[in-house]
Amino acid sequence: MNYFHRQVQLWGEETQKSLQNKKVVIIGSGGLGSSLAYALGASGIGEIHMVDFDEVSLHNIHRQIAFKMGDEGKNKAQINATNIEARCPYVKAVAHECDFKSWAAKNIDVDLIIDATDNLPTRGDINEYAKEKNLPWVYGSVEAFHGQVAFIENSSFSDAFKIIQKTPAGIAAPIVMHIASLEANLALRYLAGLSVKKDLLYYLFFNDEGELVTQKFGLPKAD
C-alpha cells in the first residue's frame with residue numbers, strides 16, 4: 001500500500017483495496033483519454049480498458065499528453081494502456097483497437113463508462129448502451145477555452161443534446177486536461193463509494209475578461 005500512501009491517507013486501506021475489484025472503460029484515447037489514463041491509471045483501479053481505432057498524428061501531440069514525437073502512426077489505445085501499466089503495476093490495462101460499437105459487441109463487464117470521444121453521435125451510442133446495460137457513465141467535452149462534464153445515471157443524454165455531426169473549433173491544451181481531471185474525480189469518487197452528484201451538467205468557460213465561470217444545469221430524466 002506504500003504506492004498509494006496518499007490515497008490511503010484520504011480514504012483508508014479498505015477503500016483502496018476495493019478499487020482493485022473495479023473495472024472501467026475509457027472510450028477514446030486522444031486528448032481527454034490520454035489525460036484520463038494518467039489521472040486514473042495510477043489510482044489502483046483493477047482493470048482499465050482503453051478504446052480507440054485511431055493512430056497518433058503530429059497535430060494531436062500538443063494536447064494529447066500520452067504521446068511524444070516519434071509516436072506518429074501508433075495506435076492511441078495501445079500507447080495509453082502501455083503507459084498505465086508502466087506507471088502502476090497494480091492495474092491491468094487492456095487496449096482495444098476499435099470503435100465504440102465494436103467494443104460494445106464484446107460484452108465486457110465494467111462498473112463505469114467514461115467518455116473521452118470527440119463527437120455527439122458516439123456519445124449518443126454510449127448513452128444507449130449504458131441504458132441497456134444499466135450502467136452509469138461520465139460525459140466530458142471540450143472546445144476552445146470551455147468544457148462540459150456530467151455524471152449520467154438516470155438522465156437522457158439524447159434528450160439533453162441534439163445529436164449532430166459538427167467539426168469542433170480549436171482547442172487550448174490545458175482545458176483538455178482540466179475537463180479530464182474533473183471526469184476522473186467524478187469517476188474515482190463513484191468507484192470509491194463516495195458521494196457523487198448525478199445527472200447534473202457542469203459547464204466551465206473563460207469569459208472575454210479571462211474569468212473562469214462555472215455553471216450547472218439539471219439534465220432531463222430518461223423516459
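In this predicted model, helix 2 (31-41) has a long list of buried residues: Gly31, Leu32, Gly33, Ser34, Ser35, Leu36, Ala37, Leu40 and Gly41. That makes nine of the 11 residues of helix 2, so this helix is largely enclosed by the rest of the structure. The cover over those buried positions comes from several directions along the chain, including strand 1 (23-27), strand 2 (47-51), helix 3, strand 4 (112-115), strand 5 and helix 7.

Two residues of helix 2 also turn up among the best-connected members of the largest nonpolar core. This core counts 38 residues, and the ones touching the most other members are Leu36, Leu40, Ile48, Leu112 and Ile114. Helix 7 (residues 173-191) supplies nine residues, the largest share of this core. Apart from it sits another core, this one of 21 residues, with Phe100, Trp103, Ala104 and Ile113 among them. As for Ile48, leaving aside residues up to four places away in sequence, its contacts are Val24, Ile26, Leu40, Gly41, Ile84, Val91, Lys92, Ala93 and Val94.

On to empty space. Searching the whole structure for cavities of 30 Å³ or more turns up one, and the largest cavity holds about 30 Å³. Its lining is made up of Ala37, Tyr38, Gly41, Asn83, Ile84 and Arg87. Helix 2 (31-41) and helix 3 (76-87) are the elements that give two or more residues to this lining. Sorted by class, the lining residues come out as three nonpolar, two polar and one charged. Two of the lining residues, Gly41 and Ile84, are also on the contact list of Ile48.

Helix 7 deserves a paragraph of its own. With 19 residues, helix 7 spans 27 Å from its first C-alpha to its last, close to the 27 Å expected at 1.5 Å a residue. Its buried residues are Ala173, Ile175, Val176, Ile179, Ala180, Glu183, Ala184, Leu186, Ala187, Leu188 and Leu191. Glu183 is the eye-catcher here: this residue of helix 7 has a relative accessible area of 0%, and so is buried. Setting aside residues up to four places away in sequence, Glu183 touches Leu32, Leu36, Ile114, Asp115, Val138, Tyr139, Gly140 and Val149. Asp115 is 68 residues away from Glu183 along the chain, with 8.6 Å between the two C-alpha atoms. After helix 7 comes Gly193, which has a positive phi, near 80 degrees.

Ser141, in strand 5, is another buried residue, at 11% relative accessibility. Not counting residues up to four places away in sequence, its contacts are Leu32, Arg123, His146, Gly147, Gln148 and Ile179. The C-alpha atoms of Ser141 and Ile175 are 9.8 Å apart, with these positions 34 residues apart in sequence terms. Leu32 thus shows up on the contact lists of both Ser141 and Glu183.

Helix 5 (residues 120-133) is built from 14 residues and covers 20 Å from first C-alpha to last, again close to what is expected at 1.5 Å a residue, 20 Å. Buried along helix 5 are Leu120, Thr122, Arg123, Gly124, Ile126, Asn127, Tyr129 and Ala130. Arg123, as it happens, is one of the residues that Ser141 touches.

Following helix 5 is Asn134, in the loop that runs to strand 5 (137-143). Its phi is near 55 degrees, a positive value in a residue other than glycine. Asp199 has a positive phi too, near 55 degrees, and is likewise not a glycine; its place is the loop between helix 7 and strand 7 (200-206). How exposed are these two loop residues? Asn134 is exposed, with a relative accessible area of 72%, whereas Asp199 counts as buried at 9%.

One more loop position rounds out the picture. Ala169 is found between helix 6 (157-160) and helix 7 and counts as partly exposed, at 42% relative accessibility. In space, the C-alpha of Ala169 is 6.2 Å from that of Ala144, although 25 residues separate the pair in sequence.

Key: Residues are numbered from 1 along each chain as its sequence is written. This is a predicted model: local features need pLDDT of at least 70, side-chain atom pairs count only at pLDDT 80 or more; totals for chains, interfaces and linings use all residues. Side-chain values use heavy atoms; hydrogens and water are left out. On a 1 Å grid over the protein atoms alone, a cavity is a set of points where a 1.4 Å probe fits but cannot get out, and a pocket is an open set with protein on both sides within 12 Å along at least five of seven lines; lining residues have an atom within 4 Å of a point. Grid points are joined across faces, edges and corners, and a volume is the space filled by probe spheres set on the points. Helices (H or I, at least four residues) and strands (E, at least two) are DSSP runs, numbered from the N terminus. Ala, Val, Leu, Ile, Met, Phe, Trp, Tyr, Cys and Pro count as nonpolar, Asp, Glu, Lys and Arg as charged, and the others, Gly among them, as polar. The expected span of a helix is 1.5 Å times one less than its number of residues. Buried means under 20% relative accessible area, exposed over 50%, partly exposed in between (1.4 Å probe, protein chains only). A nonpolar core is a set of buried Ala, Val, Leu, Ile, Met, Phe, Trp, Tyr and Cys residues joined through side-chain atoms within 4.5 Å. Contact means heavy atoms within 4.5 Å.
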